[in-house]
Amino acid sequence: PAIIRRKDYTPFPWRVPEVRLAFDLGIESTRVEATLSVEPNPQAGAASAIRLDGDGLVLESVAVDGEPRDDWQRDGEALVVPLSSGPHTLTIVTRIAPAENTQLMGLYASGGMLCTQCEAEGFRRITFFPDRPDVLSVYTVRMEADAQAFPVLLSNGNPVEEGQLEGGRHFAEWHDPWPKPSYLFALVAGDLVARRDSFTTMGGREVELGVWVREADLSRTEHAMESIKRSMKWDEETYGREYDLDRFNIVAVGDFNMGAMENKGLNIFNTKYVLADEETATDADFDAIEGVIGHEYFHNWSGNRITCRDWFQLSLKEGFTVLRDQTFSEDLHGAAVKRIGDVRMLRSVQFPEDSGPFAHPIRPDSYKEISNFYTATIYNKGAEVIRMMRSMAGLEAFRKGSDLYFERHDGEAATCEDFVKAMEDGAGLDLTQFRRWYEQAGTPQVTVEQHHEGDRVTLTLAQVVPATPGQPDKLPVPIPLKIALFDREAGTHSGEQLIVLTQESQDFTFDGHAKPPVLSINRNFTAPVAIERDIAREDLVFLAAHDDDAFARHEAMQELLLGYLLGDGDEAAREAIGTAAGAILADDALDHEMRAELLGLPTFAYLAERSEVFDPGAMVDKREGLKTWLGETFAGRFAQLHDSLAEPSRAAGMAGKQARRMRSVALAYLAAADPADGAKRGLAQYRDAPGMTDRQGALAVLAGLDGPERDEALADFYSRFADNALVIDKWFTLQASALREDVLGQIEQLARHQAFTMSNPNRVRALYAAAAGNPLAFHAADGTGYRMIADLILELNLRNPQLAARFVPSLGRFRRIEPKRAAMMRAELERIAGAGKLSRDVAEQVEASLG
Ligand code: B3K
Ligand code: ZN
């Protein structure tokens, strides 16, 4: 595939101020008439033709200024129409087949309804168009369809007209007054019902809200609706951003490649991020729904009102919007646990990406298939980079920066540089060196040394940004680190401060410390870096028990755990973990959710990332062994917690959620120590569960055990929820995630289960993303796990390239794995590479992986 480069950007020679789309909708066949008003773009050079992107379209006719034309040409999938200078009207008729659209890009069918997904390059699968984010148009959309099959017809903006037609057909017309790029176009046609509500904006605009679902799902939409209202309010209060249409609609779709999509005024969602009630969704599901609804809603300003000039700027909207959704959730439910979870995700997914074959800067320099760049780097590291600006500026100045950004670039297709400049001007920061965060891939590695003399402490900090593919030499970046120096005896510190490491190596001195203080560093994870420091074990125990920064406290515990799990496993290291865990379990000032969080073991993905050579089998034994030991050591306390925190329902609010979290963690430790007791307790928790949080928590533990309790719970779960696809997804995931020797065979059986299908992305991910993340399945010593994932990639390759490509990085990480397994992983990548016609998505990932 061809390489697209950032430096080659040129503006499109034509402007397309207005677009009229007329759809004659049908599942098997849909006719699209597109009328484009075009005029030369004064910002670009003159052109004698217009080149329109297309993908899989059947062209029926072309007319210019009302005159039929046949002097057009096809250039690959594109359509080139000769055009004299000056304004014109272009009318193009195409035909598409939604039912055959298995890629789920463009217009496709899902459970009898029709819906669209256009980001990044799906609009060209609907009609010929300059399908690039810097061409902004005002859209009017007319949809015609069978009234019975498609009673509801939705598109962007506000409704203008609707009516009945002959032959049982009807139509609706929508108009979106805000100019937008084609990737934000959307339509939905189907037999849907809405939960309706309204929101009055700070400027007094009355917005009609709708959450559109299948009738059977209506009772599970309350949380989504409440989440919309909370999002609207928060964005007004926190960023001064007001909604700008009379309608805001969300539609839930069962077959969807990702989480959701921010189409202007008509967000389309994976059902997973809309539907929830206590019986079928966990607390984590509720929070994820609120977070994703917030994310898509916040895009209305960071993404839609200000969009991206080109796809290299993707982090402009995604990094910023992730930061916005993260802090939205922090503000609503407490920052500590949210931050810890976000950092765990960053380290488990983004750090490995940043040290692997697909490492790329948050603003990449080139790509072959843009869909491959919807990554944790663009999204989550992108958010961390903006969060650093926020930490350096302080909240007030940061708001000035964001205000200036929104004011200066409203209505434009902007660049990351525009954002940085607005932050410099508005927040008063000098970001000259900071721009390297946008240019360089790789997670900076920071080492810390501490010296004490007289009453002076010197911290010597050094940084290395590691080489990544295509970027052998790196420059130092500014690394803002919040620190505190603790007086060990008093258990307090004299105040938090922000230091910024800008050089390769730098000394920071602090006076007034008669005794060597205990350093708490990168508090609240101010910088997305890896820190290596020489710290005494008892100092980590001290911080794990006393640090007043929740993240740093958690971090100290993680350092103790990593030290033991990555080291040679000596007794003293384990004892130190025991001492810290004992303090955490005894600390009555902690809430149960934070307590559970502090007792969580590092993920396998992060352990692999931190290992020079990762031996999955050995690590499972060691990590599970530690769990057993902790469970035995604190059996009494865990049992007491499991007994006393029984069955609060969601009505109990925050305290109930905290209790549920701790209860299932306690169960996991108890089961590790005593499987028979764990099975008994697990089944009781399963049976008595007032909702999905306790039920799933119990089933997750039972799935890893043997015996009748496991069988009973799994069978009950399936039959109880057989008609709920999202819950059946959980049933697949729980079994495929179980750490048991026979799990691979079970996954193979689940793949043959009648409820399994390759055509639903949620179901595929439920089984195979869990399998690829399970060290005992994926890394089975004989290589069958690798073969299974490679077969999956090949099977999905052309059917759904985006979904297929998502599975490649797991195989691509072979350089970190012990040599026997690494060779088998590589061989599977080579098998894919040699397998014939590969989609651009899979080809790019596989080529990068093989390096
Ligand atoms: N912007 C979409 C992602 C589209 C991904 C296309 N492959 C969702 C989001 O980030 O909000
Ligand atoms: Zn987004």
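User: In this predicted model, is Leu104 buried or exposed?

Analyst: Leu104 lies in the loop between strand E9 (88-96) and strand E10 (106-110). Its phi is near 60 degrees, a positive value in a residue other than glycine. A residue counts as buried if 20 or more other C-beta atoms lie within 10 Å of its own. Because Leu104 has 24 other C-beta atoms within 10 Å, Leu104 is buried.

User: Is Asp65 buried or exposed?

Analyst: Asp65 has a positive phi of about 50 degrees, although Asp65 is not a glycine. The residue sits in the loop between strand E5 (58-64) and strand E6 (67-68). The limit for an exposed residue is 12 or fewer other C-beta atoms within 10 Å. Since the count for Asp65 is 12, Asp65 is exposed.

User: Which residue does a cis peptide bond join to Glu119?

Analyst: The partner of Glu119 is placed in the loop between strand E11 (113-117) and strand E12 (137-146). Omega of the bond is about 0 degrees. The residue joined to Glu119 is Ala120.

User: Which elements give two or more residues to the shell around ligand 1?

Analyst: Ligand 1 is surrounded by 13 residues, the closest being Glu119, Met261, Glu262, Ser371 and Tyr374. Two or more residues of this shell come from each of two elements, strand E20 (260-261) and helix H2 (283-298).

User: How many charged residues has the shell around ligand 1?

Analyst: Asp, Glu, Lys and Arg count as charged. Among the closest residues to ligand 1 are Glu119 and Glu262, and both are therefore of the charged class. Beside five nonpolar and four polar residues, the number of charged residues in the shell is four.

Technical notes:
Residues numbered from 1 in each chain as written. Chains lettered and ligands numbered in written order. Predicted model: local features only at pLDDT ≥ 70, side-chain atom pairs only at ≥ 80, totals over all residues. Helix = DSSP H or I, 4+ residues; strand = E, 2+ residues; numbered from the N terminus. Near = placed C-beta within 6 Å.
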